[in-house]
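The exercises below are meant to be worked through with the sequence and the model open side by side. Please try each task before reading its solution.

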Amino acid sequence: MKELVTPLGEETAESLLLGEEVYLSGKIYIMRDATLRRIFEEGATLPVTLKDQVIFFGAPSFVKENDEYRILSVGVTTSQRMEKYIPRLLRELGVRAIIGKGELSEKMNQEFSGSRSVYLLFVGGAAALATSSIQRVNKVWWEDLKGEALFEVEMKSLGPAFVAIDVNGNNLLLNNRNKVLENLRSIMKEEE
C-alpha cells in the first residue's frame with residue numbers, strides 16, 4: 001500500500017507497480033463525458049492546468065450554498081466511455097493518472113506507457129467511500145454542465161485504488177482476463 005500526494009511527478013508514476021494499492025491526497029479533478037466534450041470537441045479553453053494532475057471520472061451530486069460547493073455524493077464511472085479522450089488528456093494536457101472503473105482497451109496500454117502515466121482502478125458502487133475522502137471543493141467550472149462540470153476537490157486518502165495500467169503499459173484487467181480464458185480452455189480440454 002502506498003500513500004500518494006498530488007500532483008504526481010513522472011518518478012512517482014514510474015514507482016507504482018501493477019496491482020499496487022494506493023491512496024491519494026491533495027487536489028484531484030473530477031470530470032466525465034460533458035466536460036471532455038467541451039474541452040476536446042467544442043474547443044473550450046481549459047480553465048486550469050492539468051499537467052501532473054489526477055483525474056477522477058465521476059459526476060457528483062452537489063449543492064451550492066453562499067458561493068460554496070458541497071459534494072453530496074460521487075462515485076466512479078465507467079472509463080471506457082471516455083476512452084477516445086484519454087490519449088489527449090495524457091499527451092496534450094499532461095495528466096499523470098486517471099482514476100476510473102472497468103477495463104480499458106488494449107490500445108490504451110501504449111497511451112499510458114508513452115506518457116509515463118497510470119490508470120488507477122476504483123471500486124464501483126463505493127460512492128460513500130469516495131465521497132468521505134473529500135475535504136472540500138475548491139472550485140467548480142462550467143456549472144451549466146451540472147454534475148458533469150469540472151470540479152477541483154481536496155482529497156484525503158482517497159482509496160483504495162489499484163494500479164490497473166502501469167507506465168510500462170502492463171494491463172492488470174486484460175492480464176487477468178487472459179488468464180481466465182487460458183484456464184477455461186484448459187478445463188474444456190481436460191473434459192474432451
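**Exercise 1: a strand and its partners**

In strand β6, the residue I99 is the bridge partner of F56, and the model in which this pairing is found is a predicted one. Task: work out which strands pair with β3, and in which sense.

Solution. Begin with β6 (residues 97-100), which is joined to β3 by 3 bridges, the two strands running parallel. Turn next to β2, which pairs with β3 over 3 bridges, also in the parallel sense; here Y29 has I55 of β3 as its bridge partner. Then follow β2 (residues 21-31) to β1 (residues 2-5), where 4 bridges join the two strands in a parallel arrangement, and where K2 stands opposite V22 of β2. Between β1 and β2 the chain passes through helix α1 (residues 10-15), and this β-α-β crossover is right-handed.

**Exercise 2: the two faces of β3**

Task: decide whether the faces of β3 are covered or open, and say which residues lie on each side.

Solution. Recall that in a regular strand the side chains alternate between the two faces of the sheet. Applied to β3, one side carries V54 and F56 while the other carries I55 and F57, and all of these residues are buried, so that both faces count as covered, given that buried means under 20% relative accessible area.

**Exercise 3: the surroundings of α2**

Task: find how many residues of helix α2 are buried, and what covers them.

Solution. Helix α2 (residues 33-40) has 8 residues, of which 7 are buried, and it is therefore mostly covered when buried is taken as under 20% relative accessible area. The buried residues are D33, A34, T35, L36, R38, I39 and F40. Among the elements that cover them are β2, β3 (54-57), α3 and β9 (150-165).

**Exercise 4: a loop residue, T77**

Task: is T77 buried or exposed, and which residues does it contact?

Solution. Locate T77 first, in the loop between β5 (68-73) and α3 (86-91). Its relative accessibility is 11%, and because this falls under 20%, T77 counts as buried. With neighbours within four places in sequence left aside, T77 is in contact with R32, F57, G58, M82, G100 and K101.

**Exercise 5: backbone features**

Task: identify where the cis peptide bonds joining T6 to P7 and G159 to P160 lie, and then examine the positive phi values of N66 and R116.

Solution. The bond between T6 and P7 is cis, with omega about -5°, and P7 belongs to the loop between β1 and α1. The bond between G159 and P160 is likewise cis, with omega about 5°, but P160 lies in strand β9. For the phi values, N66 is not a glycine and yet has a positive phi near 50°; this residue sits in the loop between β4 (61-65) and β5, and because its relative accessible area is 76%, N66 is classed as exposed. R116, again not a glycine, has a positive phi of about 55° and is found in the loop between α4 (107-115) and β7 (118-122); with a relative accessible area of 23%, R116 is partly exposed.

**Exercise 6: a nonpolar surface patch**

Task: state which residues form the nonpolar patch on the surface, and how much accessible area they have together.

Solution. The patch is formed by L181, L184 and M188, which together have about 270 Å² of accessible area. L181 is found in helix α6 (residues 172-191), and its relative accessible area of 35% makes this residue partly exposed.

Technical notes: Residues numbered from 1 in each chain as written. Predicted model: local features only at pLDDT ≥ 70, side-chain atom pairs only at ≥ 80, totals over all residues. Heavy atoms only, no water. Buried < 20%, exposed > 50% of the residue type's maximum accessible area, 1.4 Å probe, protein only. Contact = heavy atoms within 4.5 Å. Patch = residues over 30% accessible without salt bridge, like charges linked within 9 Å, V, L, I, M, F, W, Y side chains within 5 Å. Areas by Shrake-Rupley, 256 points an atom, 1.4 Å probe, with all protein chains shown as cover. Salt bridge = Lys/Arg side-chain N within 4 Å of Asp/Glu carboxyl O. Pairing = 2+ DSSP bridges. Right-handed = clockwise from strand over helix to strand, strands pointing away.
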